[in-house]
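Hi,

Here is the structure I said I would pass on to you. Have a look at it first, and then read my notes underneath.

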Amino acid sequence: MKRSENHFKKILYVDGTPNDIGGKETSIEALLFHHKKFVPYILFSDDGYFPQRLKKQGFQNVFTLKVKRLRHLHRSIPAIWQIARFIRRHNIDVVIANHSHAWVYGGLAARMAGVKAVFFIRGIYHPNHFRITCPLGWITAHWPADLYLANSQASLDSLKSRIGNGVRWEVIYSPIDTQRFSLRYSENDLTCLRTELGIPARHQVIVFSGRIQEWKGQEILLRAAPQVLSRHPQTFFLFVGKATSLDQIYYRKLQSLMKDLNIAKNVLFAGFQEDMPLILAMADVLVHASIEPEPFGRVIVEGMAMAKPVIATDAGGPREIIDHGYDGLLVPPGDPTALAESINMLLPAPQLSRQMGLRARKKVEEKFSIGKIIVRLEQTLEELIDKP
Ligand code: UDP
């Protein structure tokens with residue numbers, strides 16, 4: 001049945017970083033394709049990789065303002081006006097700003113157009129964040145949203161002191177498409193991937209997925225690697241994720257560390273990967289090692305959806321995701337020895353890994369699946385819109 005747009009309420013997601021792909025993008029991507037009671041639109045400041053990827057997958061309601069560097073006042077003020085016009089022209093019912101910068105202009109535009117404004121908190125904020133990020137920051141700090149959504153309790157708590165009494169908030173975890181992250185790969189698919197990446201056939205694979213940034217903790221896994229290899233020499237460490245031009249110094253540091261530790265033949269930095277379910281299907285263990293509290297840690301849930309044993313750091317979002325020892329393991333942040341011990345426990349214990357992985361998959365289906373989360377999100381938005 002083709003949707004008639006007249007019968008559905010309309011959401012406008014506002015996003016501003018068209019070339020990045022991280023948790024906030026893949027989370028919105030899952031939502032865009034699964035709304036049932038709303039027609040979703042998404043508006044970017046400019047064209048780029050992410051808007052193009054959405055269009056390629058058949059999502060048509062993608063719009064761009066074609067404005068670069070929205071933080072500059074002479075650009076952001078006309079952009080706010082353009083967004084407000086867009087909201088009125090498309091009869092949008094509610095605007096969701098997908099992060100703090102988008103809130104500055106998306107939130108103000110929603111006010112101008114007279115529709116409900118939602119701020120999706122997807123980071124753990126420092127108290128000074130809004131003062132320093134842009135000239136309009138003080139407005140954001142002093143003008144509450146109609147509703148705050150947060151990708152974890154940890155993210156919400158970081159802003160709660162700013163959220164006034166009587167304002168609604170809700171934790172909406174980053175949803176996972178459990179059909180896309182499922183168990184459908186054949187031995188042949190996995191062998192082809194190993195060959196393509198040059199991973200020896202008999203090696204067990206530790207996957208680390210995340211942007212190459214210091215706080216993501218790739219260094220911690222590299223420093224744990226010799227302690228793993230001394231016990232399990234047939235182990236391969238596969239790092240996936242992009243290093244932007246801003247992160248080249250850290251990337252070079254990782255490259256030379258790998259040589260200094262004499263582990264280069266067991267390590268690959270494979271860059272950004274489109275097909276994360278396939279990469280995860282090959283993993284024996286997924287490692288998350290952020291040294292700062294992770295706002296949510298979507299990669300953890302993706303690994304769990306693939307029924308993999310996941311080791312993550314014990315801070316921020318991961319604490320809300322993993323029950324230590326039951327459906328994954330938590331280790332202290334920044335501790336290569338603790339990480340190596342956990343890996344060394346899982347590698348020779350396929351039954352334990354499998355049991356943890358199956359429990360993890362069950363948890364994802366119950367708590368983080370797009371099917372469950374979209375229902376809650378839409379119910380929350382309907383209540384918000386109906387409220388005078
Ligand atoms: N990702 C990807 N390809 C890669 C590395 C990561 O598509 O090579 C995706 C990953 O599947 C996840 C997101 O990027 O959906 C990262 O989200 P997370 O919340 O873990 O971290 P963030 O980047 O938002 O800090």
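**What I found around the ligand and beyond**

A polar side-chain atom of K216 sits 2.8 Å from an oxygen atom of the ligand. Keep in mind as you read that this is a predicted model.

K216 has company. An N or O atom in the side chain of R211 is 2.5 Å from an oxygen atom of the ligand, and V299 takes part through its backbone, with a polar atom there 3.1 Å from a ligand oxygen. On its own the ligand has 550 Å² of accessible area, and the protein covers 92% of that.

Which elements give two or more residues to the shell around the ligand? They are helix 1 (23-32) and helix 12 (298-305). Helix 12 provides the largest share, three residues. There are 17 residues around the ligand, and the ones that come nearest are G23, T26, R211, K216 and E302. Sorted by class, the shell has eight polar, five charged and four nonpolar residues.

Where does the ligand lie with respect to the domains? It lies between domain 1 (5-175 + 369-386) and domain 2 (180-367), because both give residues to the shell around it.

Now for helix 1 itself. Nine of its 10 residues are buried, so the term "mostly covered" fits, with buried meaning under 20% relative accessible area. T26 is one of the buried residues, and K24, E25 and E29 are also among them. The cover over the buried residues of helix 1 includes strand 1 (9-15), strand 2 (38-44), helix 2 (49-56), helix 16 (370-386) and helix 12.

S290 is worth a click too. You will find S290 in the loop between strand 11 (285-287) and helix 12. S290 is buried, with a relative accessible area of 0%. Leaving out residues up to four places away in sequence, S290 touches W215, K216, G217, T313 and P333. So K216 turns up again here, as a contact of S290 as well as beside the ligand.

Last, two backbone oddities. N262 is not a glycine, yet has a positive phi of about 60 degrees. A307, also not a glycine, has a positive phi of about 60 degrees. Is each one buried or exposed? N262 is exposed, at 70% relative accessible area, whereas A307 is buried, at 17%. N262 is in the loop between helix 10 (248-260) and strand 10 (267-269), and A307 is in the loop between helix 12 and strand 12 (310-313).

Cheers

Conventions
Residues are numbered from 1 along each chain as its sequence is written. This is a predicted model: local features need pLDDT of at least 70, side-chain atom pairs count only at pLDDT 80 or more; totals for chains, interfaces and linings use all residues. Side-chain values use heavy atoms; hydrogens and water are left out. A residue is near a molecule or strand if one of its heavy atoms lies within 4 Å of it. A polar contact is a pair of N or O atoms within 3.5 Å; within protein, one must be able to donate a hydrogen and the other to accept it, and residues adjacent in sequence count only if both atoms are side-chain atoms. Accessible areas come from the Shrake-Rupley method with a 1.4 Å probe; for residues, only the protein chains shown count as cover. Helices (H or I, at least four residues) and strands (E, at least two) are DSSP runs, numbered from the N terminus. Ala, Val, Leu, Ile, Met, Phe, Trp, Tyr, Cys and Pro count as nonpolar, Asp, Glu, Lys and Arg as charged, and the others, Gly among them, as polar. Domain bounds come from an automatic or database domain assignment. Buried means under 20% relative accessible area, exposed over 50%, partly exposed in between (1.4 Å probe, protein chains only). Contact means heavy atoms within 4.5 Å.
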